[in-house]
Amino acid sequence: MSEIEVHMFPCLTDNYGFLLHDPEAGATATIDTPEVRPILSALERMGWTLTHILNTHHHADHAGGNLKLKATTCCRIVGPRADAERIPGIDVEVGEGDEFRLGTHRVVVHETPGHTRGHIVYHLPDDRIAFVGDTLFAMGCGRLFEGSPAQMWASLQKILAWPDDTRIYCAHEYTQANARFALTVEPDNAALRARAGDVDRLRAERRPTVPTTVALEKATNPFLRPSSPQLRQTLGLPDADDIAVFAKTRALKDAF
Ligand SMILES: [Zn+2]
């Protein structure tokens, strides 16, 4: 089995486009379709032919290019069964635990409602990589447009269950702003402070901070750290359950 290749490039204001390519089988997927032109340019640059679109959710900066790309390339569109009516051009509907292959590589689907009710993520367990859309960000998580804190918390647990060295590709470059917020709720977290410095240096050179890893998020992402005594102290919730701590953290970030 050849190693899967990931090609990442900027789209729109702060989205990332991702092409996933299996050279052995000649299969290529785009994760979501934020913007048609940069995706077509990336395909041309790499010399790859688009075979699949893997949609995480229905928002326009994730599925807005579906129909144009399908018309141009005749690719197949895979997306969430729970949101099929909102995914333009969907061919294959998938849900929790479903598996399929991109070329020779196994892809496992998890439902992660919260940001939207139908959001899904794509995990390649044998390659230790995952594409999480707007569910998890580096030091952040998606806004709760269509789900409750309890739902989003349960969704994030699925990501936390993956091995620590899993590379997580999130869909936006929000890291610097997320770090600024994280430092207000957990200012003494040494790993967070170090990472915030790394992020500032990368962004000063206009370099991406994506992908992240499960281990890095466990250490620095306040949305995944409800057991942190300092976070609980900042929030004034010393004895609340984890979901309440998560909910308050999300509410504070919404107003940040
Ligand atoms: Zn979204």
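## Learning to read a zinc site and its surroundings

User: What angles do the four donor atoms of the zinc ion make, and how is the site described?

Analyst: The four donor atoms of the zinc ion make angles of 92 to 170°, and the site is irregular. As a general idea, ideal angles at a metal are 109.5 degrees for four tetrahedral donors. To count as tetrahedral, four donors need all angles between 85 and 135 degrees, so the upper value of 170° rules that label out here. Please keep in mind that this is a predicted model.

User: Which residues coordinate the zinc ion, and through which atoms?

Analyst: Three histidines and an aspartate do: His-57 binds through NE2, His-59 through ND1, His-115 through NE2 and Asp-134 through OD, at 2.2 to 2.3 Å. Along the chain, these donors follow the spacing H-x1-H-x55-H-x18-D. His-57 sits in the loop between β4 (52-54) and α2 (60-63), while His-115 sits in the loop between β8 (105-111) and β9 (120-124), so this pair ties together parts that are 58 residues apart in sequence.

User: Are His-57 and His-115 buried or exposed?

Analyst: The cut-off for buried is under 20% relative accessible area. His-57 has 0% relative accessibility and therefore counts as buried. His-115 also counts as buried, because its relative accessibility is 5%.

User: Which side chains make polar contacts with the side chain of His-57?

Analyst: One partner is the side chain of His-115, at 3.4 Å. Another is the side chain of His-119, with a polar contact of 3.4 Å. Leaving aside residues up to four places away in sequence, His-57 touches several others, including Asp-32, Ile-87, Thr-116 and Asp-134.

User: Now to the strands. In what order do the six strands of the open sheet come?

Analyst: Reading across the sheet, the order is β1-β2-β3-β4-β5-β6, with mixed pairing. β1 (5-11) and β6 (92-94) are the edge strands; each has a single partner strand, so one side of each has no neighbour in the sheet. On average, neighbouring strands here are turned by 20° against each other, ignoring direction.

User: How do β1 and β2 pair, and which helix lies across them?

Analyst: β1 and β2 (residues 15-22) are antiparallel, paired over seven bridges. You can find Glu-5 opposite His-21 of β2. Helix α1 (residues 36-46) lies across β1, β2 and β3 (27-31), and runs at about 140° to β1.

User: In what sense does β13 pair with β10, and in what sense with β14?

Analyst: With β10 (residues 129-133), β13 (residues 167-170) pairs in the parallel sense over four bridges. With β14 (residues 212-213), β13 pairs in the antiparallel sense over two bridges. Ile-168 is a handy landmark: this residue is the bridge partner of Ala-130, and stands opposite Thr-212 in β14.

User: Where is there a cis peptide bond?

Analyst: Look at the bond from Val-210 to Pro-211, which is cis with omega near 5°. Pro-211 belongs to the loop between α6 (190-204) and β14.

User: Which residues other than glycine have a positive phi?

Analyst: Among them are Arg-128, with a phi of about 55°, and Arg-206, with a phi near 55°. Arg-128 is in the loop between β9 and β10, and its relative accessibility of 36% makes this residue partly exposed. Arg-206 is in the loop between α6 and β14, and is exposed, at a relative accessible area of 74%.

Key: Residues are numbered from 1 along each chain as its sequence is written. This is a predicted model: local features need pLDDT of at least 70, side-chain atom pairs count only at pLDDT 80 or more; totals for chains, interfaces and linings use all residues. Side-chain values use heavy atoms; hydrogens and water are left out. Donors are N, O and S atoms within 2.8 Å of the metal (3.2 Å for Na, K and Ca); water is not among the atoms, so sites may look incomplete. Four donors count as tetrahedral if all angles lie between 85 and 135 degrees; four count as square planar and six as octahedral if opposite donors are over 155 degrees apart and all others between 65 and 115; anything else is irregular. Buried means under 20% relative accessible area, exposed over 50%, partly exposed in between (1.4 Å probe, protein chains only). A polar contact is a pair of N or O atoms within 3.5 Å; within protein, one must be able to donate a hydrogen and the other to accept it, and residues adjacent in sequence count only if both atoms are side-chain atoms. Contact means heavy atoms within 4.5 Å. Two strands pair if DSSP finds at least two bridges between them. Axes are lines fitted to C-alpha atoms, for helices over the stretch in contact, and angles run from 0 to 180 degrees between N-to-C directions.
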